Amino acid sequence: MFPCSLEWWAYEIVIFLAGVMKNPQPETSVLSISVRVSNELGAGNAKVVRRTVWTVLVLGIVEVGISVAVLFSLRSVLGRGDNQIVDYVRRMIPLICLTMILDNIHGILSGVARGTGWQRLGAYVNLGSYYLVGIPVALVLGFLVI
């Protein structure tokens, strides 16, 4: 859970620094979905939270979709040189694209979990995602499939 803590600390430091700016309310409100979610939940605006989460998810999926589309379309161009390297890069790009999509959604939902005060649940999900699913899948793909 230590890497989780490092990411969380980085967010908290940035939010703290934004809080000491001239106009801290808008500065901290736009930094993270977790701040927006926690502020709106505190104000009793569950509908606004739901709309905010869906909006951020859609924007995140559009953003990562564009990135994945560009990367996937360049899979035959990347890795110039030896044909073996070009073929290897071409086979790896779909896995990298999938990782990008899942990481994007993970980042958004982690912010939502922090904003709702579900840090413990988020830590368990991270632990399970990385250590119970991610590493075994990486080992299987790295040693058996690819």
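The expected span of a helix is 1.5 Å times one less than its number of residues. Keep that rule handy, and remember as you click around that this is a predicted model.

**Stop 1: helix H4**

Select residues 46-73. This is helix H4, with 28 residues, and it reaches 40 Å from its first C-alpha to its last, close to the 40 Å expected at 1.5 Å a residue. Now color its buried positions: Val 48, Val 49, Thr 52, Val 53, Leu 57, Gly 60, Val 64 and Val 68. What covers them? Show helix H3 (33-42) and helix H5 (83-115), which are included in the cover over the buried residues of H4.

**Stop 2: the whole chain**

Zoom out for a moment and switch to cartoon. You should see six helices and zero strands, so to speak an α-α-α-α-α-α run when read from the N terminus. The chain has 146 residues, and 23% of them count as buried. If you turn on a surface, about 10,200 Å² is exposed, with carbon and sulfur atoms supplying 69% of it. As for contacts with a separation of 6 or more, residues 24 or more positions apart account for 49% of them.

**Stop 3: helix H3 and the residue after it**

Go to H3 and pick out its buried residues, which are Ile 33, Ser 34, Val 35, Val 37 and Glu 40. Then step just past the end of H3 to Gly 44, where phi is positive, at about 80°.

**Stop 4: the annotated spans**

Next, select residues 53-72, 92-112 and 124-145. An unreviewed UniProt entry carries the annotation "transmembrane region" for these residues. Take residues 53-72 on their own: the span is 100% helix and 0% strand, and its end C-alpha atoms lie 27 Å apart. Residues 92-112 are also 100% helix and 0% strand, with 31 Å between the end C-alpha atoms.

**Stop 5: Asn 104**

Click on Asn 104, which lies in helix H5. Is Asn 104 buried or exposed? Its relative accessible area is 17%, and the cut-off for buried is under 20%, so Asn 104 is buried. Which residues does Asn 104 touch, leaving out those up to four places away in sequence? Show Gly 60, Ile 61, Glu 63 and Val 64 as sticks and you have them. Gly 60 and Val 64 should look familiar, as they are among the buried residues of H4.

**Stop 6: a charged trio on H5**

Stay on H5 and show the side chains of Asp 87, Arg 90 and Arg 91, which are linked in a network of salt bridges. Side chains of opposite charge can pair when their charged atoms come close. How many salt bridges are there in the count? Two.

- Asp 87 with Arg 90: the closest N and O atoms are 4.0 Å apart. Both residues lie in helix H5, three residues apart, about one turn of the helix.
- Asp 87 with Arg 91: the N to O distance in this salt bridge is 3.6 Å. These two are separated by about one helical turn because they sit four residues apart in helix H5.

An α-helix has 3.6 residues a turn, so residues three or four places apart point the same way. Color the trio by accessibility and you get partly exposed each time: Asp 87 has a relative accessible area of 33%, Arg 90 has 32%, and Arg 91 comes in at 42%.

**Stop 7: helix H6 and its nonpolar patch**

Finish on helix H6, starting with Val 125. Its relative accessibility is 42%, so Val 125 counts as partly exposed. Draw a distance from the C-alpha of Val 125 to that of Ser 110: the two are separated by 9.2 Å and are 15 residues apart along the chain.

Move along to Leu 132, also found in helix H6 (residues 119-145). At 67% relative accessibility, Leu 132 counts as exposed. Leu 132 is one of the residues making a nonpolar surface patch of about 1,300 Å². To see the patch in full, select Tyr 124, Leu 127, Tyr 130, Tyr 131, Leu 132, Val 133, Ile 135, Val 137, Leu 139, Val 140, Phe 143 and Leu 144. Keep the patch selected and overlay residues 124-145, one of the stretches that the UniProt entry annotates as "transmembrane region".

Notes. Residues numbered from 1 in each chain as written. Predicted model: local features only at pLDDT ≥ 70, side-chain atom pairs only at ≥ 80, totals over all residues. Heavy atoms only, no water. Patch = residues over 30% accessible without salt bridge, like charges linked within 9 Å, V, L, I, M, F, W, Y side chains within 5 Å. Areas by Shrake-Rupley, 256 points an atom, 1.4 Å probe, with all protein chains shown as cover. Buried < 20%, exposed > 50% of the residue type's maximum accessible area, 1.4 Å probe, protein only. UniProt positions renumbered as here; feature names shortened; annotations may be inferred. Contact = heavy atoms within 4.5 Å.
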